[in-house]
Amino acid sequence: MQVNGLFDHLKNVNSPSDLFKPRTGASTTAELEGNVVVLNDDNFKTTIDGSKPALVEFYAPWCGHCKTLAPIYAQLGDAFAHAQDQVIVAKFDADAHRNTGGEYGVQGFPTLKWFPKGVNSPSGVEDYKGGRDLDSLSKFIKDKTGIRPRIKAVKSDVVVLDTKNFHSIVDQSDKNVLVEFYAQWCGHCKSLAPIYEKLGNTFANEKNCVIAKIDADTERDIGTEYDISGFPTLKFFPKGDDKTPIAYEGARTEAGFVEFLNKHCGTHRVVGGGLNDEAGRIPALDELAIKFVSTSDKATRESILEQAQAEAKKSSESLATYYYKIMEKVLEKGDAFLSTEKQRIEKVSSTGSVTEAKADNFKSRKNILAAFDKNAQPVPKQEL
């Protein structure tokens, strides 16, 4: 606000309370994000007015634990969406609105507080001290209100193991398997659960890289066999005849798991799903692609094509043949085919109906096309 505007504003101040009136035009009606009520300084008191009970998450956008809680909290809102006239599931950015956060004693993020019916001030507010998993949060609200949650079943890409199927899955010589040994009562396991589910989704299309879990507190014979003494314990069982597990001791974040699995499984996944820029590419064929576009001599290109065909036969990569098929098309239609093919793939991959498997295929093709550039560099050879 400029100085002149500030003095104009102060002309309307007749008492200290006038300084804290809601901004003109500011809405006191809370909006929904999914089925979670979004609070701010303007709508907090009009929404949390004591007319019905409320669970409020005080969070900060930069907070890692808040980001982990976010999808679970969204599910919690969904679970009580049918009872929005009886109970409120809300969140409040206490980093952006620090005065209100301070008023309610918020000192860290996320902080969850329960506002019983009839409470609309800090007096009578209860700190939530339970688990931050969907079951614990929904049970808390159910116990407080008698309202039953409606939790939707979510498709999981994490393989559930037990004593009967453990070795038939883990011991497959053509599979890499990451196993979480957990206990249902374990708080750290509950915190890991949404991250592990995301990891399962990220690697769902990697048939040789399995994300699995086993309740080692219930299936104690397996827990004893692998000397599980704490929860969660994570072990990686590499493919091959030697199934001696490798202890996972990295960060329990999606990024940490993705980095570990890419290294040990030879995959090219990125956090959140999808593939990185090296997916589908093969070092030896990259070198031939670069040589191919670096010369205009037809006889030399035909010779490189023959080398690419021979090299592709050695590879187990599904798109190895794509290298030499590109070369064949360039020899037939000219170098303009490269840009035409890039445009074609870009167009078909941008449609909204592409499956995850197709999206992976298109990304790999884009990556291979990128190797047909005289300034490109071959991807490094992987050592597993």
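A crossing of two helices is called left-handed if the near helix is turned anticlockwise from the far one by less than a right angle. With that term in hand, a tour of this predicted model can start with a pair of helices near the end of the numbered elements and then turn to the two sheets.

H11 passes H12 in just such a left-handed crossing. Helix H11 covers residues 298–314 and helix H12 covers residues 320–333; their axes come within 8 Å and cross at roughly 160°. Angles over 145 degrees count as roughly antiparallel, and H11 and H12 are therefore roughly antiparallel to each other. On the H11 side, the contact is made by Lys298, Arg301, Glu302, Ile304, Leu305, Ala308, Gln309 and Ala312, which meet Ala320, Thr321, Tyr324, Met327, Glu328, Val330 and Leu331 of H12. Sorted by class, the residues of this contact comprise nine nonpolar, two polar and four charged.

H12 also has a contact with helix H13 (residues 336–349), and here the axes come within 9 Å and cross at roughly 125°. That angle makes H12 oblique to H13. Tyr322, Ile326, Lys329, Val330 and Lys333 represent H12 in this contact, while Phe337, Leu338, Glu341 and Ile345 represent H13. Six of the residues in the contact of H12 with H13 are nonpolar, none is polar and three are charged. Val330 is worth a second look, since this residue of H12 appears in the contact with H11 and again in the contact with H13.

The next stop is a sheet of six strands. This sheet is open, has mixed pairing and follows the order S1-S2-S4-S3-S5-S6. Its edges are strand S1 (31–33) and strand S6 (126–127), each of which pairs on one side only. Strand S5 (residues 111–115) runs antiparallel to S6, and two bridges join them. One residue pair to look for here is Lys113 with its bridge partner Asp127 in S6. In general, strands of a sheet pair through backbone hydrogen bonds, either parallel or antiparallel.

Helices lie across this sheet as well. Helix H3 (residues 64–79) lies across strand S2 (36–39), strand S3 (54–59), strand S4 (88–93) and S5, and runs at about 160° to S3. H5 lies across S3, S4, S5 and S6, at about 15° to S5. Within helix H5 (residues 134–145) sits Ser136. Ser136 has a relative accessible area of 18% and is therefore buried, the cut-off for that class being under 20%. Leaving aside residues up to four places away in sequence, Ser136 touches Tyr128, Gly131 and Lys190.

A second open sheet has five strands in the order S7-S9-S8-S10-S11, again with mixed pairing. Strand S7 (159–161) and strand S11 (246–247) are the edge strands, each pairing on one side only. Strand S8 (residues 176–182) and strand S9 (residues 209–215) run parallel and are joined by seven bridges; in this pair, Tyr182 stands opposite Asp215 of S9. Helix H7 (residues 187–202) packs on the sheet, where it touches S8, S9 and strand S10 (233–237), and its direction makes about 160° with that of S8. Helix H9 (residues 254–265) packs on the sheet too, touching S8, S9, S10 and S11, with a direction at about 20° to that of S10.

S10 deserves a closer look. Four of its five residues are buried, so that S10 is mostly covered. S10 pairs with S8 in the antiparallel sense over five bridges, and Phe181 stands opposite Thr233 of S10. S10 also pairs with S11, antiparallel over two bridges, with Ile246 of S11 as the bridge partner of Phe236.

Some backbone details complete the picture. Most residues other than glycine have a negative phi, and most peptide bonds are trans. Against that background, Phe109 and Pro110 are joined by a cis peptide bond with omega of about -10°; Pro110 belongs to the loop between helix H4 (98–103) and S5. The peptide bond from Phe231 to Pro232 is likewise cis, with omega near -10°, and Pro232 is found in the loop between helix H8 (220–225) and S10. Asp227 lies in the loop between H8 and S10 and has a positive phi of about 55°, although it is not a glycine. With a relative accessibility of 66%, Asp227 counts as exposed.

Conventions. Residues are numbered from 1 along each chain as its sequence is written. This is a predicted model: local features need pLDDT of at least 70, side-chain atom pairs count only at pLDDT 80 or more; totals for chains, interfaces and linings use all residues. Side-chain values use heavy atoms; hydrogens and water are left out. Axes are lines fitted to C-alpha atoms, for helices over the stretch in contact, and angles run from 0 to 180 degrees between N-to-C directions. Angles under 35 degrees count as roughly parallel, over 145 as roughly antiparallel, 65 to 115 as roughly perpendicular and the rest as oblique. Contact means heavy atoms within 4.5 Å. Ala, Val, Leu, Ile, Met, Phe, Trp, Tyr, Cys and Pro count as nonpolar, Asp, Glu, Lys and Arg as charged, and the others, Gly among them, as polar. Buried means under 20% relative accessible area, exposed over 50%, partly exposed in between (1.4 Å probe, protein chains only). Two strands pair if DSSP finds at least two bridges between them.
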